[in-house]
Amino acid sequence: MSIFQTKAIANLVEETQGKQGLKKALGALDLTLLGIGAIIGTGIFVLTGVAAANYSGPALVISFILSGLACGFAALCYAEFASMVPVAGSAYTYGYAALGEFWAWIIGWDLILEYGLAVATVAIGWSGYAVNLLGNLGVHLPKALTLAPMDGGIVNLPAILIIALVAWLLYSGVQQTSRLNGIIVAIKVAVVLLFIVLAVGHVKPVNWHPFMPFGFKGVLSGAAVIFFAYIGFDAVSTAAEETRRPQKDVPRGILFSLLICTVLYIIVSAILTGVVKFSIFGRPEAASAPVAYALQQIGIHWGAALVSVGAICGITSVLVVMAYGQTRVLFAMSRDGLLPKIFSKVSERRKTPATSTVLVAIVTAVTAGFLPINIVAEMTNIGTLAAFVIVCVAVIVLRYKRPDLERPFKAPLVPVLPALGAICCTILIASLQPATLIRFAVWFAIGMVVYFGYSIRHSELQQGAKKTA
């Protein structure tokens, strides 16, 4: 047995057929909206203020460009793999095809961390916005039911309820979920455009000075922080197995959604720091809702209220896509035997991974309900960046190992472009806090115990190797 044994792409595609396959119901527009739904949310509505006040200053625009470039390099690599391997599992499945089971496990373990903690983080953020909006309407919920124990409450009930609602949507079917996501995306994009229209006339160039108050190191740290704003485009690739024409539509969905969101991010960040002095976003009342706060500062309170509604919609759609991505990664790993088979059980009527959806909902709801946001949020970025590095490297490896494979979409300038992607993501990892790196090392160690203690003995690939030996 070899832990670096790869899985044939033909076998991966064959597994998507029959009872264990997922329903094909999505097109290019659905995937683009899925990507926008995952990307525009907590990053643009919350983290812009944090990054501007503490790291980038008005150079937040450059931070967004740097993060966008790193994601762009990785997105092209994702698009190539998605066109070749239209199978659920995203980077995990690509790693299995190019680098072997061990590296696939590492990516899958990273993605479990990314999506699971992202769901809990976003649910807690949704709860905060919802409670604030209800308070403005005169409905005041008791803190005991809206805060985790470590924050002075008993349970964050709104966070648990929104996860339960999202799980029900995912259980109902991907087509219904996609339609609702499309409506939510239209609302939040309209709100972002409304902010641009309302605020652009109030920009004062003096607020952009000094442009880089914390130096270029601060810009890099800001890029690492607001990288969270781009997390989600990779979730498009988890939908490859449920796409009607995956070879064409998945690359389009990945690249279109990333391009649209990057342009919006750059415009919003430039206007935001031009309307309000960057240091003001360090205030507690500004840090949690910087876009709405900026409109309040120029006297457009009705616009601030609409932005808050849009933020809730934006965060909801991120929650839907992150939970979707989590269930599909678990589904793929379970189907390969690396996780218990219960995760790959498919509902015969709805053709969705029902058991996996329920289990993900329970774990993330408990996490969101009883832990504070600072604990669950810190680890999301590093798991994603590590997965991006491996995907970029995998494209180079597979180009040299299997140049004969059909590639409906080919990433340009290989190996230069994937190498740049891997380098950029590595630099962003190095820019994260040391405590985050230590926690990631602990998560990695736990993953090694699970792999060598359970997965390697139950792997479908390893079992097949035993039979043919």
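Hi everyone, let me begin with a term. On a 1 Å grid over the protein atoms alone, a cavity is a set of points where a 1.4 Å probe fits but cannot get out, and lining residues are those with an atom within 4 Å of a point. Grid points are joined across faces, edges and corners, and a volume is the space filled by probe spheres set on the points. By this rule, the structure above has five cavities of 30 Å³ or more.

A quick word on what we are looking at. This is a predicted model, where local features need pLDDT of at least 70 and side-chain atom pairs count only at pLDDT 80 or more, while totals for chains, interfaces and linings use all residues. Residues are numbered from 1 along each chain as its sequence is written, and side-chain values use heavy atoms, with hydrogens and water left out.

Now the overall picture. The chain has 19 helices and zero strands; these are DSSP runs numbered from the N terminus, with helices being H or I of at least four residues and strands E of at least two. The C-alpha trace spans about 75 × 45 × 40 Å along its principal axes. What is the radius of gyration of the chain? It is 21 Å, which agrees with the value near 23 Å for a compact globule of 469 residues. That radius is taken over C-alpha atoms, and the globule rule is 2.2 Å times the number of residues to the power 0.38.

Of the 469 residues, 59% count as buried. Buried means under 20% relative accessible area, exposed means over 50%, and partly exposed is in between, using a 1.4 Å probe and protein chains only. As for contacts, meaning heavy atoms within 4.5 Å, we look at those between residues at least 6 apart in sequence: 84% of them join residues at least 24 apart.

Let's visit some residues. Thr32 sits in helix 2, residues 28–39, and counts as buried because its relative accessibility is 9%. Leaving out residues up to four places away in sequence, Thr32 touches Arg252, Gly253, Phe256, Ser257 and Ile260.

Cys261 belongs to helix 10, residues 246–275. Its relative accessibility is 0%, so Cys261 is buried. With the same sequence neighbours set aside, Cys261 touches Ile36, Ile39 and Ile40. Cys261 is also 31 residues from Tyr230 in sequence, with 8.2 Å between their C-alpha atoms.

Gly182, in helix 8 (residues 174–199), is buried too, with a relative accessible area of 17%. Gly182 and Leu29 are 153 residues apart in sequence, yet 9.2 Å apart from C-alpha to C-alpha.

How many disulfides are there? Zero, where a disulfide is a pair of cysteine sulfur atoms within 2.5 Å. Take Cys71, which is buried at 0% relative accessibility: its closest cysteine sulfur is in Cys425, 6.7 Å away, and that is too far for a bond. Cys424, partly exposed at 24%, has its closest cysteine sulfur in Cys425 as well, at 6.8 Å, again too far for a bond.

Finally, back to the cavities. The second largest holds about 60 Å³ of space. Helix 7 (157–172), helix 13 (301–335) and helix 14 (354–370) each supply at least two residues of its lining. Among the lining residues are Val119, Ile163, Leu170, Ala323 and Thr357. What is the make-up of that lining? Eight residues are nonpolar, three are polar and none are charged. Here Ala, Val, Leu, Ile, Met, Phe, Trp, Tyr, Cys and Pro count as nonpolar, Asp, Glu, Lys and Arg as charged, and the others, Gly among them, as polar. Thanks for listening!

How values were computed. 1 Å grid on protein atoms, 1.4 Å probe; cavity = no way out; pocket = protein on both sides within 12 Å on 5 of 7 lines; lining within 4 Å.
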